[in-house]
Amino acid sequence: MNKKKTPSRAKNKESGKQSVPSKKQETKIQSSGKNQGGSPAQGKRNLKVKVKSARGRKLSSTMWLQRQLNDPYVKRAKEEGFRARAAFKLTEMDDQFDLIKPGMVIVDLGAAPGGWSQVAARRAKSEEGRSEKGKGQVVAIDISEMEPIAGVEIIHMDFMEDEAPDELKKALKGNAADIVMSDMAAPSTGHKQTDHLRIIGLAEAALEFAIEVLKPEGAFLAKVLQGGTEHELLALMKKHFKKTRHVKPDASRADSSELYVMATGFKGRSS
Ligand SMILES: C[S@@+](CC[C@H](N)C(=O)[O-])C[C@H]1O[C@@H](n2cnc3c(N)ncnc32)[C@H](O)[C@@H]1O
């Protein structure tokens with residue numbers, strides 16, 4: 001296996017300057033409820049279940065459990081058959097910006113456990129059993145294993161491997177994509193700057209791939225961290241897309257520095 005990295009893939013752990021999105025750039029989404037309803041609590045998460053600390057359980061685990069039990073998005077994900085509360089982040093962003101349409105070709109990078117892929121498959125109508133006419137296509141990749149999802153072709157692979165873009169293109173069967181979306185995030189190191197650099201490296205690699213496979217007018221969406229190092233990423237997005245914005249959906253925890261960059265109106269490969 002050729003381990004030689006392309007420049008931006010190799011750049012994963014370095015480079016970048018500080019960039020804090022202005023209030024103007026950052027959009028707080030109020031879900032309009034397209035297809036699957038609005039956000040469950042519109043940001044209100046009153047504590048109803050208190051978890052007692054138990055012997056052998058770390059305080060951080062108790063806090064995590066308490067947060068899960070009181071999180072309306074976790075409850076609603078269970079009720080609506082989504083594998084992850086993250087499904088509501090994409091749902092809200094799509095409700096607001098109308099990205100996904102039936103018949104679209106979508107690439108989901110960092111897809112496990114599969115919440116975004118489920119939303120994409122439902123909305124692009126790629127699920128098996130639907131008629132070929134207007135049937136969408138969803139291709140997903142993750143370094144972790146993922147249970148199958150109807151209408152989603154899953155690749156179990158590190159996206160930063162040199163072979164990953166070609167594997168994805170093979171799965172696309174020569175089709176250009178309408179949307180390339182990345183929720184990729186490496187596990188937190190606890191060191192803020194390292195986490196920022198890693199997530200930007202992933203987003204930059206995702207953007208490079210998007211530029212290779214998107215149709216003209218296509219869209220790109222990627223997770224970054226607030227206060228991150230995204231100058232180069234934003235400059236490249238602005239060069240290749242008509243509109244670029246930052247988005248923080250309600251379903252993204254308020255205490256998380258997670259943020260999404262969204263670019264629409266891909267200008268085409270020659271730009
Ligand atoms: C926040 S989770 C994604 C949640 C997903 N959007 C959902 O709705 O279920 C981030 C994912 O990125 C994946 N990831 C991180 N680095 C990756 C890489 N280099 N290649 C592929 N997947 C990666 C992780 O394994 C993890 O599953």
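This tour goes from the ligand to helix α5 and then to a pair of helices.

The model is predicted: local features need pLDDT of at least 70, side-chain atom pairs count only at pLDDT 80 or more, and totals for chains, interfaces and linings use all residues. Residues are numbered from 1 along each chain as its sequence is written.

Select the ligand. It is surrounded by 23 residues (C-beta atom, placed from the backbone, within 6 Å of it). The closest are Ala-86, Gly-110, Gly-115, Phe-159 and Asp-183. Two elements, α5 (115-124) and β3 (137-142), give two or more residues each to this shell; helices are DSSP runs of H or I with at least four residues, strands are runs of E with at least two, and both are numbered from the N terminus.

Next, select α5. Ten of its ten residues are buried (20 or more other C-beta atoms, placed from the backbone, within 10 Å of a residue's own), so α5 is largely enclosed by the rest of the structure. Among the buried residues are Gly-115, Trp-116 and Arg-122. The buried residues of α5 pack against α4 (87-97), β2 (105-109), β3, β4 (152-156) and β5 (177-182) (contact: C-beta atoms, placed from the backbone, within 7 Å). Step to Lys-125, just after α5, for a positive phi of about 60 degrees.

Finally, select α7 (192-213) and α8 (231-240). They pack at about 15 degrees with axes 10 Å apart; axes are lines fitted to C-alpha atoms over the stretch in contact, and angles run from 0 to 180 degrees between N-to-C directions. That makes α7 roughly parallel to α8 (angle under 35 degrees). The contact involves Ile-200, Ala-203, Glu-204, Leu-207 and Ile-211 of α7, and Glu-232, Leu-233, Leu-236, Met-237 and His-240 of α8.

Notes:
Angles under 35 degrees count as roughly parallel, over 145 as roughly antiparallel, 65 to 115 as roughly perpendicular and the rest as oblique. Two residues are in contact if their C-beta atoms, placed from the backbone, lie within 7 Å. A residue is buried if 20 or more other C-beta atoms lie within 10 Å of its own, exposed if 12 or fewer, and partly exposed in between; C-beta atoms are placed from the backbone.
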